[in-house]
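Dear colleague,

I am handing over the structure we spoke about, and my notes on what was found in it follow directly below. Please read them with the coordinates open beside you.

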Amino acid sequence: MNRPGYKQIEVQIMGQSYLLSCPDGGEAALLDAVERVDTAMCRIRDAGKVKARDRIAVLASLNLAFELSQLERKEAEREAEAQQFQASSFAQAEGSAFAEAGGSFEQDPIDPQTLSRVEDLMRRLDQTLDKDGRLL
């Protein structure tokens, strides 16, 4: 019997049926995961070197874990670059356009005066560019 708030979904992975449980609303994510696993396992099976289903499952899980690890590493590198930029003199420079426009990476709301200045600047840029499509 299903737990409240959960559904059972029948899926096929490498030709074998599985009855899986997922939270309500999580069906799309579960089906995406099933598709990834099925694709990874079928790719290994179709290469012809491994026949045992359990070995195929282990190799597929290792491949998927490796891909996830690569994505996590890239994300960590992006976060480090963003932190370096935040600490850079460019981002903190007094009088820089970034600093004048709020100069913060925080998610705090922009104060009305700054918002008004940004909107005015955008309006002036639009007017200037509308004349001939060139800034200078």
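I begin with a pair inside one helix: Asp32 and Arg36 are four residues apart in helix α1, and so they are separated by about one helical turn. Their side chains meet in a salt bridge, with a distance of 3.1 Å from N to O, and Asp32 counts as partly exposed because its relative accessibility is 38%. Please bear in mind throughout that this is a predicted model.

A comparable arrangement is found in helix α2, where Glu75 and Arg78 are three residues apart and therefore also separated by about one helical turn. The side chains of Glu75 and Arg78 form a salt bridge at 3.3 Å, again from N to O, and Glu75 is partly exposed, with a relative accessible area of 37%.

The count of salt bridges comes to five. One of them joins the side chains of Lys7 and Glu27 at 3.0 Å, N to O; this pair links distant parts of the chain, since Lys7 belongs to strand β1 and Glu27 to helix α1, 20 residues apart. The two partners fall into separate classes of accessibility: Lys7 is partly exposed at 39%, whereas Glu27 is buried because its relative accessible area of 19% lies under the 20% cut-off. Helix α1 covers residues 27-47, with Glu27 among them. Leaving aside residues up to four places away in sequence, Glu27 touches Lys7, Ile9 and Cys22.

As for the overall layout, the protein chain has five helices and two strands, and read along the sequence these follow the pattern β-β-α-α-α-α-α. Buried residues make up 15% of the 136 residues in the protein chain, while the accessible surface comes to about 11,000 Å², of which 54% belongs to carbon and sulfur atoms. If one takes the contacts between residues at least 6 apart in sequence, 19% of them join residues at least 24 apart.

The two strands deserve a paragraph of their own. Strand β1 (residues 6-13) and strand β2 (residues 16-23) run antiparallel and are joined by eight bridges; among the pairings, Tyr6 has Pro23 in β2 as its bridge partner. Together β1 and β2 form a hairpin with two residues between them.

Which residue in the turn has a positive phi? The residue is Met14, with a phi of about 50°, and Met14 lies in the loop between β1 and β2. Most residues other than glycine have a negative phi, and for that reason I would draw your attention to Met14, a residue other than glycine with a positive value. Met14 is also buried, because its relative accessible area of 8% is under 20%.

Finally, there is a nonpolar patch on the surface formed by Val58, Leu59 and Leu62, which together have about 250 Å² of accessible area. Of these residues, Val58 lies in helix α2, which spans residues 53-87, and Val58 is partly exposed, with a relative accessible area of 47%.

With kind regards

Definitions and conventions. Residues numbered from 1 in each chain as written. Predicted model: local features only at pLDDT ≥ 70, side-chain atom pairs only at ≥ 80, totals over all residues. Heavy atoms only, no water. Patch = residues over 30% accessible without salt bridge, like charges linked within 9 Å, V, L, I, M, F, W, Y side chains within 5 Å. Areas by Shrake-Rupley, 256 points an atom, 1.4 Å probe, with all protein chains shown as cover. Salt bridge = Lys/Arg side-chain N within 4 Å of Asp/Glu carboxyl O. Buried < 20%, exposed > 50% of the residue type's maximum accessible area, 1.4 Å probe, protein only. Contact = heavy atoms within 4.5 Å. Pairing = 2+ DSSP bridges.
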